Amino acid sequence: MSDDRHEGAAKEYSNGEVTVVWEPKKCMHSGICFAGLGKVFNPRRRPWVDLSQASTEAIVAQVKECPSGALSLKGEASSTVVEAERIVEVSPNGPLLVYGNVTVKRPDGSETKHHKVTAFCRCGASGNKPYCDGSHRKVGFTG
Ligand code: FES
């Protein structure tokens, strides 16, 4: 059986607000995308990406968690890794965006490395702390 997640050229998926680019050859099978947003990223479904299943903010936040760069947002260079300067951006009424390579250390000693952009929750409502999962919109976070 052919597995369209791991073959061929890049594919694009759009919901009219954002376009997600999928580059199968870059995937390192972390499973972070479908663990975080399984309704959108479902490897058992064809096509496996369905952007109608979540808000644009949730999708953007999840795509930014992709550690390999296999998932990226159109217009954002997926292979770009900020080397020297780290930029922290406060998203209005939303997450803290950290650009560049960061390592998140958890109290249990585990570490997760992130490249490109990482969205950290500022509202306190995320079900995936310390990361943003789009819940700030549901709770009407302002700040
Ligand atoms: S800032 Fe997005 S869920 Fe909290």
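Helices and strands here are DSSP runs, numbered from the N terminus. The model is a predicted one. Its chain holds three helices and eight strands. Along the sequence they follow the pattern β-β-α-α-β-β-β-β-β-β-α. Buried residues make up 27% of the 143 residues.

**Confidence**

- The mean pLDDT of the chain is 84. Of its residues, 88% reach 70 or more.
- Over residues 1–6, pLDDT stays under 50. The model has eight contacts beyond four places in sequence for this stretch.
- Residues 77–84 also have pLDDT under 50 throughout. Here the model has 11 contacts beyond four places in sequence.
- Where pLDDT is low, predicted coordinates should not be read in detail.

**Contacts along the chain**

- Take the contacts in the chain with a separation of 6 or more. Residues 24 or more positions apart account for 49% of them.

**The sheet β1-β2-β3**

- Three strands form an open sheet in the order β1-β2-β3. The pairing is antiparallel.
- β1 (11–14) and β3 are the edge strands. Each of them pairs on one side only.
- From one strand to the next, the twist averages 25°.
- β2 and β3 run antiparallel and are joined by three bridges. Tryptophan 22 stands opposite leucine 71 in β3.
- Helix α2 packs on this sheet and touches β2 and β3. The direction of α2 makes about 125° with that of β3.

**Helix α2 and the core**

- The largest nonpolar core has 21 residues. Those with the most contacts inside it are Val20, Leu37, Val40, Ile59, Ala61, Val63 and Leu71.
- β2 (19–22), α2 (56–63) and β8 each supply at least two residues of this core. The largest share, five residues, comes from α2.
- In soluble globular proteins, nonpolar side chains tend to be buried together.
- α2 is mostly covered, with seven of its eight residues buried. They are Glu57, Ala58, Ile59, Val60, Ala61, Gln62 and Val63.
- These buried residues pack against β2, α1 (32–36), β3 (71–73), β8 and α3 (135–138).
- Alanine 61 has contacts that lie outside its neighbours within four places in sequence. The partners are Pro95, Ala119, Tyr131, Cys132, Asp133 and Gly134.

**The sheet β4-β5-β8**

- Another open sheet has three strands in the order β4-β5-β8, with antiparallel pairing.
- Its edge strands are β4 and β8, and each pairs on one side only.
- Neighbouring strands are turned by 20° against each other on average, direction ignored.
- Strands of a sheet pair through backbone hydrogen bonds, either parallel or antiparallel.
- Four bridges join β4 (residues 87–90) to β5 (residues 96–99). Isoleucine 87 faces tyrosine 99 of β5 as its opposite residue.
- β5 is joined to β8 (residues 117–120) by four bridges, and these two strands run antiparallel.
- Leucine 97 stands opposite alanine 119 in β8. Leucine 96 stands opposite phenylalanine 120, also in β8.

**The loop between β4 and β5**

- β4 and β5 form a hairpin with five residues between the strands. Asparagine 93 takes a positive phi near 60° there.
- Proline 92 lies in the loop between β4 and β5.
- Proline 92 has 7 C-beta neighbours inside 10 Å, so it counts as exposed. The cut-off for exposed is 12 or fewer.
- Proline 92 and threonine 142 are 50 residues apart in sequence. In space they are 7.5 Å apart, C-alpha to C-alpha.

**The hairpin of β6 and β7**

- β6 (residues 102–105) and β7 (residues 111–114) pair in the antiparallel sense over four bridges.
- Valine 102 stands opposite histidine 114 in β7.
- The two strands form a hairpin with five residues between them. In the turn, glycine 109 has a positive phi of about 95°.

Definitions and conventions:
Residues numbered from 1 in each chain as written. Predicted model: local features only at pLDDT ≥ 70, side-chain atom pairs only at ≥ 80, totals over all residues. Pairing = 2+ DSSP bridges. Core = buried A, V, L, I, M, F, W, Y, C linked by C-beta atoms within 7 Å. Buried ≥ 20, exposed ≤ 12 C-beta atoms within 10 Å, placed from the backbone. Contact = placed C-beta atoms within 7 Å. Axes fitted to C-alpha atoms, helices over the stretch in contact; angles between N-to-C directions. pLDDT = per-residue confidence, 0-100.
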